[in-house]
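Trainee: Please give me a close look at one part of this structure. Choose a starting point and build outwards from there.

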Amino acid sequence: MAVKNKAQRIVMTETDMNPEALKKAGNVLRNGGLVAFPTETVYGLGGNALDPEASKKIYAAKGRPSDNPLIVHIADISKLSVIVREVPEKAKVLAERFWPGPLTMIFPKSVIVPKETTGGLDSVAVRYPSDRIAQVLIKEAGGYVAAPSANTSGRPSPTTADHVEEDLGETIDMIIDGGPVGIGLESTIVDFTEEIPVVLRPGYISLEMLKEVLGEVRMDPGLLITDAKIRPKAPGMKYRHYAPKAEMIIVEGNQMEVVQAMNRLSEEYRKSGRLVGIIAAEETKMSYHSGIVKCIGSRRNEETIAQHLYEVLREFDKCEADIILSEAFYTPQMGQAIMNRLLKAAGHKIIKAQEVLG
Ligand code: TXA
Ligand code: MG
């Protein structure tokens with residue numbers, strides 16, 4: 001394979017955009033190239049969603065299995081009817097309430113969307129992001145941008161342009177650097193191809209917020225169980241995703257017991273010669289006596305935990321920790337999404353503090 005030049009990186013902010021550069025990036029996309037860009041959730045790796053060759057390039061750049069469909073990003077609600085066959089009434093209400101924003105909805109696809117973009121499925125995932133840089137880029141690109149998270153498949157999703165450059169700097173054409181993202185976890189996915197809407201991936205928009213608008217809504221059973229007997233409906237949710245290089249264990253229980261248990265485990269691992277990483281909250285970070293302690297955010301402001309989750313996992317890759325011990329974060333609004341990502345990073349290894357303490 002030919003070695004590519006380093007991706008061109010262009011810095012801007014939502015309030016001080018560079019229209020010329022976004023026009024140029026839009027042209028790169030129109031011509032079948034790949035551009036990474038910020039969204040409010042995580043950075044996306046964009047390609048023209050209606051061009052099967054561009055979608056193939058996205059899979060190749062990420063090293064992503066080709067049965068794992070991409071999300072099509074739009075920046076104008078009128079574009080929705082072009083790429084989907086029907087929009088149920090309830091989905092319209094949800095769009096009204098949460099678009100533009102961190103919500104992806106799945107509908108039967110129209111013929112215009114190539115199967116290369118949807119991983120062979122007859123449905124298509126659609127999102128209208130609120131990030132203004134993303135919106136301008138999508139419009140400049142012609143209106144339909146397929147964008148998975150801009151990480152190498154299997155690595156934590158990127159929340160800064162540096163993360164994107166680490167993973168894809170040599171394989172894509174451009175990176176729009178809009179600074180650190182706001183939310184830090186991927187969008188909530190709701191599937192409207194079934195009678196009752198189903199959450200395929202939890203995110204910033206919680207089940208409770210969805211229930212308020214939709215009434216009845218289910219969680220995909222594949223998300224709730226910890227063994228692999230029921231496959232999640234979103235193909236991407238079945239992979240051990242968001243994975244740090246180190247083995248990872250989550251410890252749950254009341255705060256004091258968790259700290260005690262993690263200190264005990266950390267000491268045991270240290271004695272056996274392993275480099276231990278600890279993921280702690282602002283409120284408890286001073287209570288650990290060994291290991292590399294990283295603060296993920298504050299329990300008093302759960303949004304900070306979501307914002308730093310992937311960054312902390314990447315940092316532990318860099319310092320070559322052998323094992324990561326993490327507190328559990330069942331926070332009120334985003335807890336479901338935060339724990340979903342942490343459990344996946346840990347390959348579902350979670351233990352009770354009391355069991356460690358005996
Ligand atoms: O926040 C986000 O959604 C980010 C930003 C860039 O917008 N994008 C993102 O894309 O997270 P990706 O490709 O990393 O995750 C898309 C998820 C995968 O789990 C995929 O399997 C699922 O959406 N998905 C996409 N189309 C689907 C479909 N037609 N049916 C079921 N699941 C689908
Ligand atoms: Mg992803």
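Mentor: Helices (H or I, at least four residues) and strands (E, at least two) are DSSP runs, numbered from the N terminus. The model is predicted, so local features need pLDDT of at least 70 and side-chain atom pairs count only at pLDDT 80 or more, while totals for chains, interfaces and linings use all residues. Residues are numbered from 1 along each chain as its sequence is written, chains are lettered from A and ligands numbered from 1 in the order in which they are written, and side-chain values use heavy atoms, with hydrogens and water left out.

Start with proline 100. Its place is the loop between H4 and E5. The peptide bond leading to it from tryptophan 99 is cis, with omega near -5°.

Now look at tryptophan 99 itself. Leaving out residues up to four places away in sequence, it touches Ile74, Ile77, Leu80, Leu94, Met105, Val126, Arg127 and Tyr128. Here contact means heavy atoms within 4.5 Å.

Trp99 also belongs to the largest nonpolar core, which has 46 residues. Such a core is a set of buried Ala, Val, Leu, Ile, Met, Phe, Trp, Tyr and Cys residues joined through side-chain atoms within 4.5 Å. Buried means under 20% relative accessible area, exposed over 50%, and partly exposed in between (1.4 Å probe, protein chains only). Trp99 is among the residues with the most contacts inside this core, along with Leu94, Met105, Val126, Ile172 and Leu210. Several elements each supply at least two residues of it, including helix H4 (89-98), strand E5 (103-108), strand E6 (123-127) and H7. The largest share, 4 residues, comes from H4. A second, separate core has 29 residues, among them Ile305, Ala306, Leu309 and Ala345.

Follow Leu210 next. It is one of the residues that line the largest cavity. A cavity is a set of points, on a 1 Å grid over the protein atoms alone, where a 1.4 Å probe fits but cannot get out; lining residues have an atom within 4 Å of a point. The count is 1 cavity of 30 Å³ or more. The volume of the largest cavity is about 60 Å³, taken as the space filled by probe spheres set on the points, which are joined across faces, edges and corners. Helix H7 (207-214) and helix H11 (335-345) each give at least two residues to the lining. Other lining residues include Thr188, Val199 and Gln333.

Stay with H11. Of its 11 residues, 10 are buried. Ala337 is one of these buried residues, and it also lines the cavity. Just after H11, glycine 347 takes a positive phi of about 55°. Histidine 348 has a positive phi too, near 65°, though it is not a glycine. This histidine sits in the loop between H11 and strand E16 (350-352). It is partly exposed, with a relative accessible area of 30%.

Last, return to strands E5 and E6. They are neighbours in an open sheet of 11 strands, ordered E1-E8-E2-E3-E7-E4-E6-E5-E9-E10-E11, with mixed pairing. Two strands pair if DSSP finds at least two bridges between them. The edge strands, E1 and strand E11 (218-219), each pair on one side only. At one end, strand E1 (residues 8-11) pairs with E8 in the parallel sense over 4 bridges. Valine 11 has aspartate 177 as its bridge partner in E8.

Technical notes. On a 1 Å grid over the protein atoms alone, a cavity is a set of points where a 1.4 Å probe fits but cannot get out, and a pocket is an open set with protein on both sides within 12 Å along at least five of seven lines; lining residues have an atom within 4 Å of a point.
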